[in-house]
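Me: I would like to discuss the structure shown below, taking one topic at a time. Please give the reasoning before each result.

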Amino acid sequence: GKLARLMNRSTLVEAPFFSFSTLYEGNTYVPYAVSLTSVDPSSSRYFNFIHPQFADAADFEAYSGRLTALSGMALPVDLQADDRLLTLVTCHGQDENERLVVALRALRPGESREGLQALIREKTITR
């Protein structure tokens with residue numbers, strides 16, 4: 001339920017970073033899309049977010065591009081084919097088929113949180 005707060009631009013730009021850890025590693029992630037999707041294949045907002053591996057760069061671009069196109073905000077977070085992605089999904093709204101998808105990528109080595117947050121504050125546009 002707390003993911004829904006990220007649909008609000010002011011909330012997202014003030015706290016865009018997520019920490020995610022397992023027993024083996026931990027990373028900080030930043031969203032590149034906050035999308036309302038559907039699990040109903042007949043819907044125009046249909047998106048199959050279960051995608052554990054990408055066959056190639058085109059597959060990666062198709063997945064991330066679809067989420068970016070469905071996003072309620074244009075976020076200035078770039079993606080590269082070797083980025084580590086994290087996709088958070090929760091039920092949303094009145095429609096049993098609707099899902100809120102928060103799509104994130106890991107910060108890259110040497111990437112500045114402060115610089116990235118400033119870019120997000122300045123360039124994020126609500127659609």
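Me: Which residues of helix 3 (residues 113–123) are buried?
Reply: The model is a predicted one, and a residue is taken as buried when its relative accessible area is under 20%. In helix 3, the residues that meet this criterion are Leu116, Gln117 and Ile120.

Me: Why do the buried residues lie on the same side of helix 3?
Reply: In an α-helix there are 3.6 residues a turn, so residues three or four places apart point the same way. The buried residues of helix 3 are Leu116, Gln117 and Ile120. They lie on the same side because, around the axis, they cover an arc of only 100°.

Me: Which residues are exposed on the other side of helix 3?
Reply: Exposure here requires a relative accessible area over 50%. On the side of helix 3 opposite the buried residues, those exposed are Glu114 and Glu122.

Me: Which elements do the buried residues of helix 3 pack against?
Reply: Packing is judged by contact, with heavy atoms within 4.5 Å. By that criterion, the partners of the buried residues are helix 1 (9–14), strand 2 and strand 5 (98–106).

Me: Which elements give two or more residues to the lining of the largest pocket?
Reply: The largest pocket holds about 260 Å³ of space. Its lining comprises 15 residues, with Tyr29, Arg84, Leu85, Leu86 and Thr87 nearest the centre. The elements that supply two or more lining residues are strand 1 (18–21), strand 2 (26–38) and strand 4.

Me: What is the average pLDDT of the protein chain?
Reply: Of the residues, 99% score at least 70. Among the elements, strand 3 (residues 73–74) has the highest mean, 98, and strand 4 (residues 85–91) the lowest, 95. The average for the protein chain is 95.

Key. Residues numbered from 1 in each chain as written. Predicted model: local features only at pLDDT ≥ 70, side-chain atom pairs only at ≥ 80, totals over all residues. Heavy atoms only, no water. pLDDT = per-residue confidence, 0-100. Helix = DSSP H or I, 4+ residues; strand = E, 2+ residues; numbered from the N terminus. 1 Å grid on protein atoms, 1.4 Å probe; cavity = no way out; pocket = protein on both sides within 12 Å on 5 of 7 lines; lining within 4 Å. Points joined across faces, edges and corners; volume = space filled by probe spheres on them. Buried < 20%, exposed > 50% of the residue type's maximum accessible area, 1.4 Å probe, protein only. Arc of directions from axis to C-beta.
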